Every structure is written in C-alpha cells, then in structure tokens.
Amino acid sequence: MTSIQKRIQNTREIINTAAEQCGRPGAVNLLAVSKTKPTDMIREAWQAGQRDFGENYVQEGVEKTQALQNLEGIVWHFIGPLQSNKTRQVAENFHWIHSVDRTKIARRLSDQRPDHLPPLNICLQVNIDNQPTKSGFLPEEVSRAVSEIMQLPHITLRGLMAIPAPSDDPEQQRKPFRAMKELLGRLKTEYPQLNLDTLSMGMSGDMIAAIEEGSTIVRIGTALFGARDYSNQTSK
Ligand SMILES: *Cc1c(COP(=O)(O)O)cnc(C)c1O
C-alpha cells in the first residue's frame with residue numbers, strides 16, 4: 001500500500017470511530033483537500049476508494065477537474081474564496097461549493113450553472129466566531145440569506161460551512177462547532193421545506209471535535225497528503 005492509501009485508511013478509521021462513538025455511524029463523509037497537490041496524488045487517492053476532493057483555487061481546481069475527467073464517480077468541491085468574476089468556472093466544473101459568502105455569488109452561480117448539469121450543491125460559509133478578517137455571513141445574517149438563496153433554480157442549498165480560528169484545546173475547538181450545529185438546527189426549523197443535511201466543518205487538526213459536535217463533512221488536507229509546499233505553485 002502507498003503512504004497515501006495508508007493515510008486515507010487511517011483517517012477513515014479515525015472518522016468512523018468518532019462518528020460511532022457519538023451515535024452517528026457512517027454519517028461523516030471525508031472530503032480530501034488536494035489543493036497544491038499534483039494530479040498523481042489525487043489519482044492514487046481515487047484508487048484507494050476516495051471520491052470527494054476539495055480545491056481552493058479556481059484555475060488550479062478547474063485544470064484538475066478537466067485533467068481527471070476519466071476518474072469515474074469523482075466529486076469536486078470548491079472550498080476556497082470566490083470572486084464574482086470567477087463564478088462561471090465554478091458553476092461549470094464543480095459539483096459542490098462550500099464557500100458561498102454573499103447572496104450575489106449564489107445568484108451568479110445559479111444563473112451560470114449549465115442546463116445539462118444537475119443543480120450545484122452549495123453551503124453558506126459562516127463567520128461563526130466573528131473573526132475580523134474572515135469571510136462568511138455573520139450568524140445573524142444567515143436566515144435572511146437562506147430566504148433569498150432558496151429561490152434560485154439551479155442550486156441546491158445543503159447547509160453550512162465554517163473555518164473557526166485554530167486552537168489546540170479540544171474544548172475551545174468545540175465551541176464554534178456547537179454554535180454551527182445550533183444555527184443549522186434553527187434554520188431547519190425555520191425552513192422545513194429545505195433538505196439542510198450538511199455541516200461542513202473540521203480539518204486535520206480539529207476533526208474529532210467537529211464530528212462530536214455534528215459535522216457531516218470533514219475537509220482534510222495535511223493528514224492525507226502531507227504538508228503543503230507553496231513554493232512551486234504556478235497558479236492561484
Ligand atoms: C486547506 C483547507 C482545508 C484542509 O486543511 P488541513 O489542515 O490541511 O486539513 C480545509 N478547509 C479549507 C477551507 C481549506 O482551505
């Protein structure tokens with residue numbers, strides 16, 4: 001087995017054990033964050049059964065989706081910041097986007113989603129711990145955004161995503177995740193007609209805390225592919 005295959009297996013075990021321990025067996029999906037990593041690594045992960053991959057940069061992500069079109073069943077998630085002049089590329093090449101942080105972005109994605117593709121799955125990014133430099137809706141803005149975004153025809157609103165400030169302390173890690181879970185719960189009550197089934201939260205350093213607090217998708221880069229080296233990156 002290659003080291004990537006081993007790391008995928010180990011990470012899946014950690015995820016499954018944590019999910020079982022909190023009474024949600026099988027409820028947490030592993031999103032492999034492949035930003036800055038070569039397509040060979042993605043192919044290797046796919047051979048190990050991994051299907052969901054996350055990319056942060058539009059041009060790099062689009063190049064990879066096109067180069068790896070022959071990998072059956074692969075599902076591409078855009079998880080990085082998105083400017084409005086690049087929404088079309090995401091609408092045309094990805095299955096999901098987790099980082100919708102403005103209503104305008106959602107509207108453009110819906111307008112630009114090609115007719116022959118199923119609706120684009122989206123999550124709203126929430127600035128759950130009110131970090132001054134972080135993008136995302138503030139918690140109190142989310143309900144209103146949902147009421148507008150749910151009208152859009154070519155997207156399916158699946159839930160919420162957050163990137164809380166990093167912490168080494170599991171108790172600190174849990175707080176923003178718990179607040180996300182509560183926010184999603186309120187939205188489900190307010191909008192019972194929507195199928196809000198997704199909480200995208202947890203990275204290599206805090207995935208267990210996120211799962212314990214209700215995550216359904218953990219976004220894992222370093223633990224699968226090793227540390228990122230930005231020095232030979234050509235495109236952002
Ligand atoms: C890079 C990135 C990740 C993965 O982070 P790791 O700590 O390497 O697991 C997850 N989510 C987002 C939005 C990212 O940009």
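These notebook entries record what I looked up about the ligand site and the aromatic pairs in a predicted model.

Entry 1, ligand shell. I listed the residues that surround the ligand and found Val33, Lys35, Asn56, Ile79, Ile163, Met203, Ser204, Arg219, Ile220, Gly221, Thr222 and Arg228. I then sorted this shell by character, which gave five nonpolar, four polar and three charged residues.

Entry 2, polar contacts. I looked up the distances from ligand oxygen atoms to polar atoms of the protein. For Ser204, a side-chain N or O atom lies 2.5 Å from an oxygen atom of the ligand. For Asn56, I noted a polar side-chain atom at 2.8 Å from a ligand oxygen. With Gly221 the partner is a polar backbone atom, 2.8 Å from an oxygen atom of the ligand. I next looked up the cover: on its own the ligand has 390 Å² of accessible area, and the protein covers 90% of that area.

Entry 3, pocket. I checked which space the ligand takes and found that this space is the largest pocket.

Entry 4, aromatic pairs. I counted two aromatic pairs. One of them joins Phe53 and Trp76, a tilted pair with 5.9 Å centre to centre and 40° between the planes. I placed Phe53 in strand β2 (residues 52–55) and Trp76 in strand β3 (residues 75–78). The two residues are 23 residues apart, and I recorded the pair as a link between distant parts of the chain.

Terms used: Residues are numbered from 1 along each chain as its sequence is written. This is a predicted model: local features need pLDDT of at least 70, side-chain atom pairs count only at pLDDT 80 or more; totals for chains, interfaces and linings use all residues. Side-chain values use heavy atoms; hydrogens and water are left out. A residue is near a molecule or strand if one of its heavy atoms lies within 4 Å of it. A polar contact is a pair of N or O atoms within 3.5 Å; within protein, one must be able to donate a hydrogen and the other to accept it, and residues adjacent in sequence count only if both atoms are side-chain atoms. Accessible areas come from the Shrake-Rupley method with a 1.4 Å probe; for residues, only the protein chains shown count as cover. On a 1 Å grid over the protein atoms alone, a cavity is a set of points where a 1.4 Å probe fits but cannot get out, and a pocket is an open set with protein on both sides within 12 Å along at least five of seven lines; lining residues have an atom within 4 Å of a point. A molecule sits in a cavity or pocket if more than half of its atoms lie within 2 Å of its grid points. Ala, Val, Leu, Ile, Met, Phe, Trp, Tyr, Cys and Pro count as nonpolar, Asp, Glu, Lys and Arg as charged, and the others, Gly among them, as polar. Rings of Phe, Tyr and Trp (its six-membered ring) pair if their centres lie within 6.5 Å; planes under 30 degrees apart count as stacked, over 60 as edge-to-face and the rest as tilted. Helices (H or I, at least four residues) and strands (E, at least two) are DSSP runs, numbered from the N terminus.
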